[in-house]
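Please open the model in your viewer and keep the sequence panel beside it. The tour goes from one selection to the next, with a short account of what is found at each stop.

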Amino acid sequence: MGALQRIKHAAGTDVNIDRAREVAASSARALPSASLSYVLHKVPIVGWLPYYNPRWIFNDAVAGLTVSLLLMPQGLAYAKIAGVPVQFGLMSSWLPALIYVFMGTSKDLSSGPTSIIALLTADAVNDLSKEGYSAQAVASAVAMMMGIYGMAIGFLRLGFLLDFISVPILSGFMSAAGLTIALGQVNSLIGEPKGGQETAMIIHDMFAKLPSANGFGAIIGLSGVVLLVALQYIGQRWGSKSKVIMTLTNCRAAVTLILFTGISYGINKNRQPSDFLFEVAKVQATGIVPPKMVDSRLLVKASKSSIAAFVAAAIEHTSIGRAFAARNGYVIDQSQELCYLGVTNFFNSFFGAIGVSGAVSRAAVNSQSGVKSPLSGIVTAGFVILSIFKLTGALFWIPKATLAAIVITAVWPVIGNPLVYYQYWRTSLADFIASMIAFWVSLFISTEVGIGSAVAFGLLSVIFQQVFTKPTQIHAGTSFESTQTILSQKIPLDTRVFQFNESLYFPNAKRVKVAIFDAIQTYHSGATKESADSERNWSVVGEKRIAMLRRKANIMGIPPPISVVVLDFSKVNHIDTTALSALRNLCAEVRKYAGGTAEVRFSTLSDNVKERFLRGGWALKDGNDNESVEAFGPVTVEVFNSMTEAIVAPRQELKEVVIETADSH
């Protein structure tokens, strides 16, 4: 019966069980209203549409049309990067714009195919097409897995997981991806035969096959680059003074596409396809592809290679959304954007689409066009659908070299400036190394390995920083201001003060404990007289180590004894079981070293840390109230509100006691 009563008492006073009961009860009460609120939250249009100003319709229509003129050539070009028939770039572009009207939280974002996602899709296409799957099927499988990942993270509000990818890692990865894309388009730009897939082979083949380049194709491609760069320069120079010039600059990809498609049609219309002067896109589509489920076996095989594509899409999409929201004075919901990204990629994959995300170029055009709400997506989707049904005959004649020119000029800004990496070097060696790992591994091995290895290095560097943290020592004789006296005082010679600089948990607990005890033995003598005739242990390793530490600290002779050790927890926000055990052992070792005459005092404990000590079986005594003791346990320490109070509090008469430690079991 006694055991049963103890079990009941333990269950009744258990903090975790009480917390579980409270959470379960509050969740049950809030479930009906929370469920409705959650569903409505996933369709933001319900919240903002009643407040829509009809005068905004014109702005949204103009912005939607302008974005579609940029989206269409980009969609065709990025489908080419992904290795799928270029018409599927258009198939990938209409549904995302439509879904975003209902689920988006940014007025500026425009989602659709992007260069980075296309490149990562191409990696999966190259791998899985060897097993007999078509490029289109693989791309759809990647898009569907991106959708599944996005819905899982978005609906469960796990977007914080993306925070493990730092800005330097993202910069290195994006630079490598942009450079890979640009190199991969050089053969189309100058009319060379297609070369290898690996970066090293691409560079080799680019020079080795230069004599077999198509002169007409090279003229078309390089002329396209010159025109695109010139239009961009004109916009930067005079765009702010003329809306016509700014519009022309924003639609430079469409202008270039229309011009060179007309040239291609005029040159090649009377020739047989095998006798064209240069390669053309040969877009073939008579309407939207009927929806079709992705092969389940292919879906499983694409699950691994889709991770990098989803991570890149999520980071690209949310970072662009946050940037334009801050610029234009509103806030986006990051978890909701991930939900949208998941839903749109999942359903888009049924139409043979490639993965989609937000694009900075289209967001910039959307913002500059004066967009007022996500309703602009209706116009964008409508114009893309119109193009799929009515304009594919004209799109057949697009030169591949022109698409390559559009791709290269679009991704060139993605490649990081060397000064950015020099700044990482100046700021943090760990950040520089992480960015270099992401860049070189992504460039020459694979993007998945590049991101994974860089993130792993980043996490390890953070852990090692925590592991090798040391408490700050405040030496005896140091002046400090006391709230109890007007004049400053000095720390007594028999007192040692330590300030923790990080939270205490399993990676750093042992090292911090050893550092503190080493300092105490270095600057203070123990209970026995340190002389030749003092009692020795059979091993002299510890004795020699302390002697070495004292030599390094220039301690000559016998240092003063230790009476008070103050541990300042002002920077400690979390403490775990391992740290509690290490501190318990520290208290025991200090008391034993001082012959039971030393006090260990705590100062500035937060409520969370204090609760952890109490739950861990510690007895915390108010240093200013001799009668106040919270909980009872094998270890009792005095707790003060400040480090100063802990230092100046009067010494107590202590008896030699044995403190139970974790090692004594």
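Begin by selecting helix α8, residues 135-155, together with helix α15, residues 305-328, whose axes come within 9 Å and cross at roughly 60°. Because an angle between 35 and 65 degrees is neither roughly parallel nor roughly perpendicular, α8 is oblique to α15. The crossing in which α8 passes α15 is right-handed. Bear in mind, here and at every later stop, that this is a predicted model.

Now show the side chains where these two helices touch: on α8 the contact is made by A141, V142, M145, M146, Y149, G150 and I153, and on α15 by S306, I307, A309, F310 and A313. Coloured by class, the contact of α8 with α15 has 10 nonpolar and 2 polar residues, with no charged residues.

Move next to helix α7, residues 115-128, and helix α9, residues 167-189, where the axes come within 10 Å and the crossing angle is roughly 75°. That angle makes α7 roughly perpendicular to α9. To see the contact itself, select S115, I116, L119 and L120 in α7, which meet F173, M174, A177, G178, T180 and I181 in α9. By class, this contact of α7 with α9 divides into 7 nonpolar and 3 polar residues, and no charged residues are part of it.

The third pair to select is helix α4, residues 57-82, and helix α20, residues 400-411, with axes that come within 9 Å and cross at roughly 95°. The two helices, α4 and α20, are therefore roughly perpendicular to each other. From α4 the contact takes in P73, L76, A77, Y78, K80 and I81, while α20 brings K400, L403, I406, V407 and A410 to it. Which classes do the residues of the contact of α4 with α20 divide into? There are 9 nonpolar and 2 charged residues, and no polar ones.

Keep α4 on display and turn from helix pairs to enclosed space. The structure holds 4 cavities of 30 Å³ or more, and the largest cavity contains about 120 Å³ of space. Its lining comprises 15 residues, of which L109, S110, N366, S376 and G377 are the closest to the centre of the cavity, so that selecting these five is a convenient way to place it on screen. Helix α4 appears again here, since α4, α6 (94-103) and α18 (376-390) each supply at least two residues of this lining. The lining of the largest cavity divides into 6 nonpolar, 8 polar and 1 charged residues.

For the last stop, go to the second largest cavity, in which about 50 Å³ of space lies. Select F500, L504, A509, V512, K513, I516, A579, A582 and L583, the residues that line the second largest cavity. Two or more of these residues come from each of α24 (509-523) and α26 (577-593), and the largest share, 4 residues, belongs to α24. By class, the lining of the second largest cavity has 8 nonpolar residues and 1 charged residue, with no polar ones.

Methods
Residues numbered from 1 in each chain as written. Predicted model: local features only at pLDDT ≥ 70, side-chain atom pairs only at ≥ 80, totals over all residues. Heavy atoms only, no water. Axes fitted to C-alpha atoms, helices over the stretch in contact; angles between N-to-C directions. Parallel < 35°, antiparallel > 145°, perpendicular 65-115°, else oblique. Contact = heavy atoms within 4.5 Å. Nonpolar A, V, L, I, M, F, W, Y, C, P; charged D, E, K, R; others polar. 1 Å grid on protein atoms, 1.4 Å probe; cavity = no way out; pocket = protein on both sides within 12 Å on 5 of 7 lines; lining within 4 Å. Points joined across faces, edges and corners; volume = space filled by probe spheres on them. Left-handed = near helix turned anticlockwise from the far one by under 90°.
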